[in-house]
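Reader: Before I look at any details, could you take me through this model by question and answer, with the reasoning behind each reply?

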Amino acid sequence: MLWLLLLFCGLTLAQDDSSPAETSSCSPACELMKEFGAIKEKVNALETRLNDAETRLEDSEKKTRELENREHYQVIFTAATGGGGARIGPFETATPLIYRTVITNIGNGYNETTGVFTAPVAGVYYFSFSYHAGGAHGTRLALLKNSETIVMSGDQKSTADKTDNGGNTAFLLLQPGDRVFVRLDENTQVWGSDYHTTFSGCLVTQM
């Protein structure tokens, strides 16, 4: 259509060459061609903006699908040693402390048979442990990630101080399969209870 307008405009200008007074202004066909050109520029600009919007929308939909396809985990647990107030330890060697009374275990990351928490997904986890004990043998507990000691808590043997309480906390970056547990060191003890000597953890953010 544009070439027809150009041809028509060219013919009109050729016919008007003999009239100098009229050549100073564009013919109606010329004006129409200018308007058409302006409209085409606007259409091209709108097409560009539309293509950009479609690209952004596709990127957004892709990210949404990725988030939807990503499995979301909830991991929260708390367990106590149990034992009805009976003393646990002392042992001749350092021993993982088993928390047999499970209070919460969302995600089933904690194993009440072994006392070990196993990370199901990569992420930052929060752990805490607390204890109640007597002073007859002293107490020393350590939070371990696999075989690495992270934090500790304890108290010395004492005849004057008949009861002790303590604990510690830590944020840990874990990979799937990493193991976290509390170890009772050799020649130390805690009181087994459903309420005092506990181990807790949760997934703070998935990585």
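The exchange below covers salt bridges, strand pairing, surface charge and backbone geometry in this predicted model.

Reader: How many salt bridges are there?

Author: One joins the side chains of Arg-140 and Asp-185, with N to O at 2.7 Å. Another is formed by Asp-185 with Arg-183, where the closest N and O atoms are 3.0 Å apart. Both lie within the 4 Å limit used for a side-chain nitrogen of Lys or Arg and a carboxyl oxygen of Asp or Glu, and the count comes to two.

Reader: How many residues apart in sequence are the parts that the pair of Arg-140 and Asp-185 ties together?

Author: The side chains of Arg-140 and Asp-185 meet in a salt bridge. Arg-140 belongs to strand S8 (residues 139–145), while Asp-185 sits in the loop between strand S11 (179–184) and strand S12 (190–191), so the parts that the pair ties together are separated in sequence by 45 residues.

Reader: Among Arg-140, Arg-183 and Asp-185, which are linked in a network of salt bridges, which one counts as buried?

Author: Buried requires a relative accessible area under 20%. Arg-140 has 33% and is therefore partly exposed, and Arg-183, at 22%, is likewise assigned to the partly exposed class. With a relative accessibility of 6%, the residue that counts as buried is Asp-185.

Reader: Which residue is the bridge partner of Ala-142 in S11?

Author: Strands S8 and S11 run antiparallel and are joined by five bridges. Within S11, the residue that partners Ala-142 is Arg-183.

Reader: Which residue of S11 stands opposite Thr-95, and which one is the bridge partner of Thr-118?

Author: Strand S3 (residues 95–96) pairs with S11 in the antiparallel sense over two bridges, and strand S6 (residues 116–118) is also joined to S11 by two bridges, again running antiparallel. Thr-95 is placed opposite Leu-184, whereas the partner of Thr-118 is Arg-179.

Reader: Turning to S13, how many bridges join strand S7 to it?

Author: S13 (residues 198–206) pairs antiparallel with strand S1 (residues 76–80) over five bridges, and there Ala-79 has Phe-199 as its partner. Strand S7 (residues 123–134) also runs antiparallel to S13, with Gly-123 bridged to Gln-206. The number of bridges joining S7 to S13 is eight.

Reader: Which residues gather in the patch of negative charge on the surface, and is Glu-58 buried or exposed?

Author: The patch is made up of Glu-54, Glu-58, Asp-59 and Glu-61. Glu-58 is part of helix H3 (residues 28–69). Because the exposed class begins over 50% relative accessible area, Glu-58, at 51%, is exposed.

Reader: How far apart in space are Asp-155 and His-137, C-alpha to C-alpha?

Author: Asp-155 lies in strand S9 (residues 148–155), and with a relative accessible area of 31% Asp-155 is partly exposed. In sequence, Asp-155 and His-137 are 18 residues apart, and in space their C-alpha atoms are separated by 9.3 Å.

Reader: Which residues are joined by a cis peptide bond?

Author: Most peptide bonds are trans. Here, however, a bond with omega of about 0° is found next to Pro-90, in the loop between strand S2 (87–88) and S3. The residues joined by this cis peptide bond are Gly-89 and Pro-90.

Reader: What is the phi of Asn-108, and is Asn-108 buried or exposed?

Author: Most residues other than glycine have a negative phi. Asn-108, found in the loop between strand S4 (101–106) and strand S5 (110–111), is not a glycine, yet has a positive phi of about 55°. Its relative accessibility of 64% is over the 50% limit, so Asn-108 counts as exposed.

Reader: Where does Asn-146 lie, and what is its relative accessible area?

Author: Asn-146 is not a glycine either, and has a positive phi of about 55°. The residue lies in the loop between S8 and S9. Asn-146 is classed as partly exposed, and its relative accessible area is 33%.

Key:
Residues numbered from 1 in each chain as written. Predicted model: local features only at pLDDT ≥ 70, side-chain atom pairs only at ≥ 80, totals over all residues. Heavy atoms only, no water. Patch = residues over 30% accessible without salt bridge, like charges linked within 9 Å, V, L, I, M, F, W, Y side chains within 5 Å. Areas by Shrake-Rupley, 256 points an atom, 1.4 Å probe, with all protein chains shown as cover. Lys, Arg positive; Asp, Glu negative; His and termini not counted. Charge placed at Lys NZ, Arg CZ, Asp CG, Glu CD. Helix = DSSP H or I, 4+ residues; strand = E, 2+ residues; numbered from the N terminus. Buried < 20%, exposed > 50% of the residue type's maximum accessible area, 1.4 Å probe, protein only. Pairing = 2+ DSSP bridges.
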